[in-house]
Amino acid sequence: MTGSTPPWKRRFPRRGADHPESLDGSHGARDRERGPSRPSEGTDAQATPGPAPLDQVPGRGEPTAPAVRPAPAARRRAAAIRSRAAEATRSGVHRTSSRARAALGHLTDRIIDIAPRVPVRDLATLRRQFPGLGPEELADKLVAGAAAGSSTVGAGVGAAAMLPVPPAMPTELAAEITGIAAIELKLIAELHEVYGVRPPGNRAARSAAYLSSWSGERGIDVLKPTTFDTALGGQMKRRLRQQIMKRMVRALPHLMPFLVGAAVGAVVNRRDTKKLAARVREDLRKIQVPWDRLPELPALETPENPLPLPEPGTPTTRPRPLTHGPETVTGTRPGASPTDRTPPRLPARSPPRPPDAAEAPVLVAAAVTRRRTPSPPGPPAAPPAGPADPASTGTGTEWGPADR
């Protein structure tokens, strides 16, 4: 066809050549032999002069290189860095989650181990310690004592975290959860004794039932064995892990510094223990057996190595000081001269047995929750042997005016 441009003389012969950045010298030049490329354009003399190239501007240095896209090697390097960062993030999250699951499993096993060692008082013992109280009044006493104990544990852990030490925070949380679990397991077991619904079986079966009640925050219906789990299987451990995780999340504010966590821990633990006791008592009231119709139950067996937990409501008596007559007042030993001020020697005591790993947090909880009450007054001390002084006793010979 006349006037057509052959393919080798076309203006943009290659793909992507319409971009000005990809043009090199010969492809963007105008063919002077064919005239202007568009009818609207005039000749070179009539065309509006555009800006001169950088190499033609007088007084300018070297021409500036045009902006180009990043090279394929740079793009590959950036993509590799992003992929390595994403892989490192995923592996870190996986390691953290696996360690958290391992810690939860270990704490669950420790609570399962200490559950059979929690000392539980049977109904006869409770009625001897709280004479004249009915079931509801006795349950109120138990709940008040357990709430005070868990509150003190939270305050103690918060006081220990007064100066935050990040490596010690998991240990503090584990100690708090273990101590509170022991206190609340004892409360649940004694509430079942008060309402006359002791779970059947031996100590291990009852401990598993109490663990099921603690994890579900509900009472146990002994007439329906399907409501509680006496086998420590996978489902039971899963519920325990969920309960421990929930308690640990709620215990995170207890680690606030400057004794703020101590106040928060005391309030939160007291509230949680009372809420748990209210739910358990609500379920136990529906199946309560009155004391007059309750059959004679055997006494609970004592654990082989019981945990040293305080018994709420039981007065703790302090040992009364030994009296040795007038020498006790002056500080001398019996039978020694009045000038001898050496204190008497006390008998040697055997060293205490060191606690194991499971007893350590419970010992801390027992130490901070033990409340001492004053001991009842004893009989008056007998007067010292010897001749009575008439002036001091007011008996004997009466003194007259002439004897003064």
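**Exercise 1. Which residues of helix 6 are buried?**

Solution. The structure is a predicted model in which local features need pLDDT of at least 70 and side-chain atom pairs count only at pLDDT 80 or more, while totals for chains, interfaces and linings use all residues. Residues are numbered from 1 along each chain as its sequence is written, and side-chain values use heavy atoms, with hydrogens and water left out.

Step 1. Fix the terms. Helices are DSSP runs (H or I, at least four residues), as are strands (E, at least two), and they are numbered from the N terminus. Buried means under 20% relative accessible area, exposed means over 50%, and partly exposed lies in between, with a 1.4 Å probe and protein chains only.

Step 2. Apply them. Met236, Leu240, Gln243, Ile244, Arg247 and Met248 are the buried residues of helix 6.

Step 3. Look down the axis. The buried residues of helix 6 fall within an arc of 135 degrees, so they line one face of the helix. The arc is that of the directions from the helix axis to the C-beta atoms. An α-helix has 3.6 residues a turn, so residues three or four places apart point the same way.

Step 4. Find the partners. The buried residues of helix 6 pack against helix 1, helix 4 (169-194), helix 5 (203-216) and helix 7 (260-286), where contact means heavy atoms within 4.5 Å.

**Exercise 2. Describe how helix 1 and helix 6 cross and what they bring together.**

Solution. Step 1. The axes of helix 1 (residues 72-114) and helix 6 (residues 234-250) come within 10 Å and cross at roughly 105 degrees. Helix 1 is therefore roughly perpendicular to helix 6. The axes are lines fitted to C-alpha atoms, for helices over the stretch in contact, and angles run from 0 to 180 degrees between N-to-C directions. Angles under 35 degrees count as roughly parallel, over 145 as roughly antiparallel, 65 to 115 as roughly perpendicular and the rest as oblique.

Step 2. On the helix 1 side, the contact is made by Leu104, Gly105, Leu107, Thr108, Asp109, Ile111 and Ile112. Lys237, Leu240, Arg241, Ile244, Met245 and Met248 meet them from helix 6.

Step 3. Sorted by class, this contact has eight nonpolar, two polar and three charged residues. Ala, Val, Leu, Ile, Met, Phe, Trp, Tyr, Cys and Pro count as nonpolar, Asp, Glu, Lys and Arg as charged, and the others, Gly among them, as polar.

Step 4. The buried residues of helix 1 are Leu104, Gly105, Leu107, Thr108, Ile111, Ile112 and Ile114. Their cover includes helix 4, helix 5 and helix 6.

**Exercise 3. Compare the spans of helices 1, 4 and 6 with the expected values.**

Solution. Step 1. The expected span is 1.5 Å times one less than the number of residues.

Step 2. Helix 1, with 43 residues, should span 63 Å, and its end C-alpha atoms are 63 Å apart, which agrees.

Step 3. Helix 4 has 26 residues and reaches 38 Å, close to the 38 Å expected. Helix 6 has 17 residues and reaches 24 Å, close to the 24 Å expected.

**Exercise 4. Place helix 4 in its surroundings, using two of its residues.**

Solution. Step 1. In helix 4, 21 of the 26 residues are buried, so this helix is largely enclosed by the rest of the structure.

Step 2. Glutamate 190 is in helix 4 and counts as buried at 2% relative accessibility. Leaving out residues up to four places away in sequence, glutamate 190 touches Pro119, Val120, Arg121, Leu126 and Leu142.

Step 3. Isoleucine 180, also placed in helix 4, counts as buried at 4% relative accessibility. With the exclusion of residues up to four places away in sequence, isoleucine 180 touches Ser150, Val153, Arg247 and Asn269. Arg247 is one of the buried residues of helix 6.

Step 4. Just after helix 4, glycine 196 takes a positive phi of about 70 degrees.

**Exercise 5. Characterise phenylalanine 258 and leucine 259.**

Solution. Step 1. Phenylalanine 258 lies in the loop between helix 6 and helix 7, and leucine 259 lies in the loop between helix 6 and helix 7 as well.

Step 2. Phenylalanine 258 has a positive phi of about 60 degrees although it is not a glycine. Leucine 259 has a positive phi near 65 degrees, again in a residue other than glycine.

Step 3. The relative accessible area is 65% for phenylalanine 258, which is exposed. Leucine 259 is partly exposed at 43%.
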